[in-house]
Amino acid sequence: MKIVITGGAGFIGSNLCEYFLSKNYQVSCLDNFATGHRHNLRAFEGHKNFSLIEGDIRNLEDCHKAVEGADYVLHQAALGSVPRSLVDPITTNEVNVSGFLNMLVAARDAKIKRFVYAASSSTYGDSVGLPKVEEVIGKPLSPYAITKYVNELYAEIFSRTYGLETIGLRYFNVFGRKQDPNGAYAAVIPKFVMQLMKHESPVINGDGHYSRDFTYIDNVIQMNELAMTTQNPEAINTVYNTAYGDRTTLNDLMVSLKKYLSNFDPAIADVQTIYGANRAGDIPHSLASIDKAQRLLGYQPAFSMQEGLEQAVAWYWENLK
Ligand code: NAD
């Protein structure tokens with residue numbers, strides 16, 4: 001069985017490549033290295049079941065080439081980050097919407113068995129109810145959120161009109177090994193870990209009471225595998241929250257990060273936190289209901305946020321210190 005993983009050089013994609021190679025699948029990665037890194041692929045470059053197609057999802061020919069002979073697509077390639085989309089909505093739209101559509105067309109033409117794609121919790125937009133349930137969304141709060149919602153609309157149309165099996169996974173603040181700590185659009189956990197390791201004060205946007213359903217990468221891998229392999233006809237052509245199902249404030253996150261990092265360097269416990277202004281486009285709270293994934297896919301998250309955090313911190317200490 002051959003899987004195409006777009007964005008396979010990125011954080012989530014490279015973890016998926018590694019996992020499915022370990023399960024003896026053939027894995028082909030399509031990436032243009034816009035935000036991904038060659039070092040994420042180093043461990044399996046040369047593996048007999050691994051191939052890399054350096055290409056761009058904005059180019060339909062590259063997409064057709066990538067899906068040739070494949071059974072499944074796990075589509076991860078996109079430009080992430082709400083702030084990036086506010087700075088450059090045009091490129092975000094080209095990659096996340098036109099690139100997505102190209103991949104759907106290529107998957108349809110190649111008669112792919114199933115197209116599983118990275119959707120986003122940002123689709124909940126300004127809806128205030130917690131926990132978030134898949135059927136109730138609000139108005140998008142950023143260009144990024146619009147692109148991820150449009151992905152869901154296109155996927156549904158391709159299921160309905162061309163019979164392409166699709167499943168969207170609305171990821172909630174994923175973290176773990178290989179997540180990029182550098183750059184203007186780095187996610188909070190790797191960014192804070194790197195700053196604390198250097199004894200630099202991390203900046204929390206707002207008063208630290210905003211909360212997120214931080215989700216460890218291994219739970220996300222599990223969801224991709226379940227979505228790709230489920231034989232339950234009721235479980236396909238729909239979207240799922242992909243989360244742990246609990247929320248943690250930024251202040252509590254900081255306490256935990258300092259606790260785990262202090263095991264390696266006790267001085268980290270004394271690094272001061274700085275508080276800044278709230279960020280445009282940020283939603284105050286995010287918490288997923290995972291009932292639908294549990295009921296239809298049999299999802300059982302194996303890592304709590306704390307268990308994942310301990311592992312992630314150890315990985316950063318070992319690999320990036
Ligand atoms: P990432 O930036 O580490 O990975 C994205 C990958 O896509 C990179 O390797 C990048 O080079 C590649 N890519 C970008 N533009 C491309 C293009 N035009 N052609 C080919 N490849 C391209 O990000 P990630 O955190 O691994 O996110 C993966 C997916 O999950 C994205 O679709 C993102 O929107 C979605 N997502 C992530 C999170 C999260 O918390 N990390 C939350 C919600 C949704």
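Student: How do you know which classes of residue make up the shell around the ligand?

Tutor: Each residue of the shell is sorted by type, and the shell then has 14 nonpolar, nine polar and four charged residues. Keep in mind that this is a predicted model.

Student: What makes a residue count as part of that shell?

Tutor: The cut-off is a heavy atom within 4 Å of the molecule. In this model 27 residues surround the ligand, and the closest are Asp31, Thr35, Asp56, Tyr144 and Val174.

Student: Which helices and strands supply the shell around the ligand?

Tutor: Helix H1 (11–22), strand S5 (114–120) and helix H5 (143–162) each supply at least two residues. The largest share, three residues, comes from S5.

Student: Why is the pair formed by Gly10 and the ligand called a polar contact?

Tutor: A polar contact needs a pair of N or O atoms within 3.5 Å. A polar backbone atom of Gly10 is 2.9 Å from an oxygen atom of the ligand, so the pair meets the cut-off. For Phe11, a backbone N or O atom lies 2.8 Å from an oxygen atom of the ligand, and this pair also counts as a polar contact. With Lys148 the protein atom belongs to the side chain: a polar atom there lies 2.9 Å from a ligand oxygen atom.

Student: How much of the ligand does the protein bury?

Tutor: The protein buries 91% of the 820 Å² that the ligand exposes when taken alone.

Student: Why is the second largest pocket said to lie between domain 1 and domain 2?

Tutor: Its lining takes residues from both domain 1 (2–175 + 217–245 + 286–303) and domain 2 (188–210 + 247–285 + 313–320), so the pocket lies between them.

Student: What is in the second largest pocket's lining, and how much space does the pocket hold?

Tutor: About 300 Å³ of space lies in this pocket. Its lining has 16 residues, and the closest to the centre are His39, Asn40, Lys178, Trp315 and Leu320. Helix H10 (residues 305–320) gives the most, with three residues. By class, the lining divides into six nonpolar, five polar and five charged residues.

Student: What makes the peptide bond from Leu130 to Pro131 worth a remark?

Tutor: Most peptide bonds are trans. The bond from Leu130 to Pro131 is cis, with omega near -5°, and Pro131 lies in the loop between S5 and H5.

Student: What is the phi of Asn24, and where is this residue found?

Tutor: Most residues other than glycine have a negative phi. Asn24 has a positive value, near 70°, and is found in the loop between H1 and strand S2 (26–31).

Terms used:
Residues are numbered from 1 along each chain as its sequence is written. This is a predicted model: local features need pLDDT of at least 70, side-chain atom pairs count only at pLDDT 80 or more; totals for chains, interfaces and linings use all residues. Side-chain values use heavy atoms; hydrogens and water are left out. A polar contact is a pair of N or O atoms within 3.5 Å; within protein, one must be able to donate a hydrogen and the other to accept it, and residues adjacent in sequence count only if both atoms are side-chain atoms. Accessible areas come from the Shrake-Rupley method with a 1.4 Å probe; for residues, only the protein chains shown count as cover. Helices (H or I, at least four residues) and strands (E, at least two) are DSSP runs, numbered from the N terminus. Ala, Val, Leu, Ile, Met, Phe, Trp, Tyr, Cys and Pro count as nonpolar, Asp, Glu, Lys and Arg as charged, and the others, Gly among them, as polar. On a 1 Å grid over the protein atoms alone, a cavity is a set of points where a 1.4 Å probe fits but cannot get out, and a pocket is an open set with protein on both sides within 12 Å along at least five of seven lines; lining residues have an atom within 4 Å of a point. Grid points are joined across faces, edges and corners, and a volume is the space filled by probe spheres set on the points. Domain bounds come from an automatic or database domain assignment.
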